[in-house]
Each structure stands twice: as C-alpha cells, then as structure tokens.
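Visitor: Could you take me closely through one part of this model, the place where its domains meet, and then through whatever is unusual in the backbone? I would like the cut-offs stated as you go.

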Amino acid sequence: MDIEKIRKDAELFTKELEEEYYQNLGGFKDELNISAVYDRYSHLFQRSTVDFVKKLRDGSEGEERRQNSLLFSFIAGEYIGNMVKKLDEKYMTEDAKATVNVDGQEVPYRSIAIMIANEDSREKRSEMDDLTDPIVEKHNEILRERMLRLHDLAEDLGYGNYMEMIEDLKGFRIKPVNDMMEKFLRDTERIYVDAMNSALEKWGITVDGAERHDVSYLFRAKEYDKYFPKEGVVENWKATMRGIGIDPDAQKNVILDTEERPKKYPRAFTMPLEVPDKVILFITPHGGQDDYQAMLHEGGHTEHFAHVDRVHPFEYRYLGDVSVSETYAFLFNYLPTDELWLKQYLNIGDEDASDYLGFAFLNKLFFLRRYASKIIYEVELHSKRDIDGMDRRYKEIMEKGLKMRHKANRYLLDVDDGFYVAQYLRAWIFETQLRKHIIEKTKRDWFNSTAAGEILKKLWSYGQKYSVEELAEMVGYEKLDTEPMKDEIMKNLT
Ligand SMILES: [Zn+2]
C-alpha cells in the first residue's frame, strides 16, 4: 500500500462527495448518489487500509504524525460510516417519507418541528408533538440496531468502547470536557431556573412543567422578527465583514448562493468545494433573529475556509479538529448578543435591545445546558456495548440539567455520531476565550477593527491543523476554560 496514493485518493473522494452533496442540497438534482462515490473509492475503506494507516500513524512522530493522525481519523471514520451506510439509507428514506395527519392534512414529518415552533396554541403544539411519537418509535428500531453496530465496530477495531475509539480518532479527551460542563451545570442552575421561570411566566407555566414544544415556541421569539427583516440578512453579514476589513463582494473564492429554488435545502450551509479556492455559502433568507445568526454562523465557516493557506496538505485544509471551524462560526453567530453590535447594526431602541439581550443570553445558556446534559448522557451511552435502559437514563439526565420534561423515546434521535456534542462544547468554550483575546488586542467593539480581521486571518490560514486546545495556548491561555463563558452569561442574566 502507498500512503501518497491513499492521501491523493482521499482528497479526490472528498471533493467528489462534496460535489454530490452540492448538486443535491443546492437543489440542482433530486437524487443523492453517494454510494457510487463510495464504490469508486472502496479501496480507501477496507479494513486493511484502516490498519495500514493506523500502523503508519503509530510509527511516526512530529509533523508527520500530526498529518497521519488526521488521515487515519478520516479513513477510520469513513470505514465505520460505510459499515452502517445501508441502515442510514433506510433511515433517511423512512424519515423523508414519513407524514403525520394534522387536522385532516398530511404534513411531512420533517416540517413538523417548524410548525410546532410557530404554533401559538399550547394544546395544538402538544398534539402535534404527540403525533410524532409513533414515527420516533419506528425510527428507534433502526437506530438501536445502528447504535449496537457502532459499539461493536469500536470493539472490532481494538478499542475498549466507542468513547475510547472517538478519543483516539479525534485526538482529544472527552471526560475533561464532561467534567467542566458538570461544574458549569451546577454553577448556572439557579440563574437558569429563575430566568426560564420569568420567561415562561406570561403563559402561566414554570420550567418544571414546561414541555419541549413550549421551549421551541419560546425560542422562536416572533416578537423580535421586526428587527431582523428578510431583506437585511445578507447585507448585514457583508457589512459586518467590511467592519473587520473583508469585502465579501471582492472575494473571488467566496460564492454566495442566495437564489430561491424550490428544491434547495432550506437552511443555511457552507460547502467548501475547493479549500481555499471555491467556498460556497448557501442561504435562502427568510428573516428573524435565528436567520441572522445562521447567516453569521455560516459566514464564519466560509471566511475560515476561504482564508486557509493553500500550501497546506489536504489533511489541514479539509480535515482536522472541526471545533476550530465551529469556533469561528460561533464568534460571528453570537454578535447579536453584543450590545454594541446590536445597536450599530440593527434598528433597535435601547429598551428593546436590553430585552433582546436577556432573551439571547437565556437562549445561549439553554443550549449550553442542553449540550452539557447531552455529553453526560453520551459518556454513559458510549462507555459500554449494551444500550438497554438508556432511554430512561436519557430522560433522567436531560430533566436534571434542563428541569423541563423530556420524552425517553428521543434517546437515540438526540445523538450525533462521533461525540459531535463535545466538539460543539469545545468550540463554545474557546469562542469566549478567543473573543476576549481579540478585544484585549484591539478594542471593545472588535468588529469595527481591521486589526481584529488580521488576527483572524492569521488563525484562519492554519485551516484545522491545530486543535482548539493548541490554539488556546497559542493565544496565551493555559487551557480551555469555561469560566469566562460562565461569567459573561451570569453578568447578562442578572
Ligand atoms: Zn457550524
């Protein structure tokens, strides 16, 4: 076996796969033919290739080991993905075809979550949520088989359990993130309960009586729509970028696809077709605060990929620690929680701005507590092979962290592969630290500083070569630390 050939084919495979997703999600063609791509590159995902690259990684050091580790992670990840591909296809097909009958109308199961978030009547929301239960139960049959297969694969590959495998593949420890977030849950519990209770008070409920659908409705926050008009979504992002010295209209490698096409994927997403030479940002603006945040988030990913130094090998341009790109996405995503940005960029009065900030920080705290609870649950789920009784544990752990009611049957649906939960959490933690660093080096309103743009361009040029832990050290921190994130939330919610 030849490592250079594996490396070259891995890059070609990645680009062809991206192209397939681009055609489908972009709404240019109906079918998604990823199996054909996998078939063309099947030699990459043989067990023998996995073992070969692992051996190579274990025998290398320094820069070579860094590069080989990323390649191994990629090859092993795709090998595992390939082993559960049939189940994924079955699941995706059933998921796309499923419908529920709402007031005599057949509604796609996939659009029910948006309907629930927009429904003013609590009773109707609850009814719609219950209608999805039989579909979830049916999905669980496939998901249970899939989860057990993943756990078996970890053992086949020589690991003690799935969690150990992911730690080795991704190159970071999960338990320390779990422990930091357990402390975060304890420290923010009082403030969370008080803020949720006061937000829910207008409907006569408290957090311990709230259901998931109540919270979807609460965070849909229609009352703020007027400050986030559809027409302003893209221009708001472009203006923000110009503030740090980047003019998206002048970037030849950044393509904005804002066209409305019937089959285009409705949510914003970034497609790095060629890093850094061709990065496409898809969005179909619909307005609202979440849409502005989605645009800023994807814009962060886009600018990151567009600024990666092209001298880097494939591994650093395409692979690596995804928490790094998520950090840059969060950095812009959370600009609406910055009072100065809010007042500069949106037509909002002082009183409504302070009202919105309270809302936005509660929203952030909710998500942090949700992901903190999810990591605690997933550590338990992935520490042993067997998953019996985990539906009950899911309900207990989520209810302990979020105080509101949860349905046990979401215990597999609410899990992303490969501890993505930990990657988001590391990004959330590092984002606050990085922002603090940028402010110290520039000014309080860093988004009006081209020097801030220069700091970011330097970091972006590395691609995802370094982990967030390494980047934290690089900008002067000892380690990832949840304290700045916690302090900021506490300050803004009292
Ligand atoms: Zn993202």
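Guide: What follows looks at the meeting of the domains, then at the core, and then at the backbone.

This is a predicted model, in which local features need pLDDT of at least 70 and side-chain atom pairs count only at pLDDT 80 or more, while totals for chains, interfaces and linings use all residues. Residues are numbered from 1 along each chain as its sequence is written.

The protein chain is divided into domain 1 (3-96 + 135-171) and domain 2 (225-493), with bounds that come from an automatic or database domain assignment. The centres of the two domains, taken over C-alpha atoms, are separated by 24 Å. Across the interface, 32 residues of domain 1 are in contact with 29 residues of domain 2, where contact requires that the C-beta atoms, placed from the backbone, lie within 7 Å. On the side of domain 1 that touches domain 2, two or more residues each come from helix H1 (3-25), helix H4 (62-83), helix H8 (133-156) and helix H9 (162-170); helices here are DSSP runs (H or I, at least four residues) and strands likewise (E, at least two), numbered from the N terminus. H8 gives the largest share of that side, 10 residues. By type, that side of domain 1 divides into 14 nonpolar, 11 polar and 7 charged residues, counting Ala, Val, Leu, Ile, Met, Phe, Trp, Tyr, Cys and Pro as nonpolar, Asp, Glu, Lys and Arg as charged, and the others, Gly among them, as polar.

The largest nonpolar core (buried Ala, Val, Leu, Ile, Met, Phe, Trp, Tyr and Cys residues joined through C-beta atoms within 7 Å) has 111 residues, of which Met 295, Ile 375, Leu 425, Trp 428 and Phe 430 touch the most other members. Helix H17 (residues 350-381) supplies its largest share, 12 residues. Because domain 1 and domain 2 both give residues to this core, it lies between them. Leaving aside neighbours within four places in sequence, the contacts of Phe 430 include Ser 323, Thr 327 and Val 468.

Turning to the backbone, Phe 419, although not a glycine, has a positive phi of about 50° and sits in the loop between helix H18 (390-402) and helix H19 (420-441). Phe 419 is buried, with 26 other C-beta atoms within 10 Å, whereas Asp 103, whose positive phi is near 45°, is exposed with 8; buried means 20 or more such atoms within 10 Å, exposed 12 or fewer, and partly exposed in between, with C-beta atoms placed from the backbone. Finally, a cis peptide bond with omega of about 5° joins Val 275 and Pro 276.

Key: Contact = placed C-beta atoms within 7 Å.
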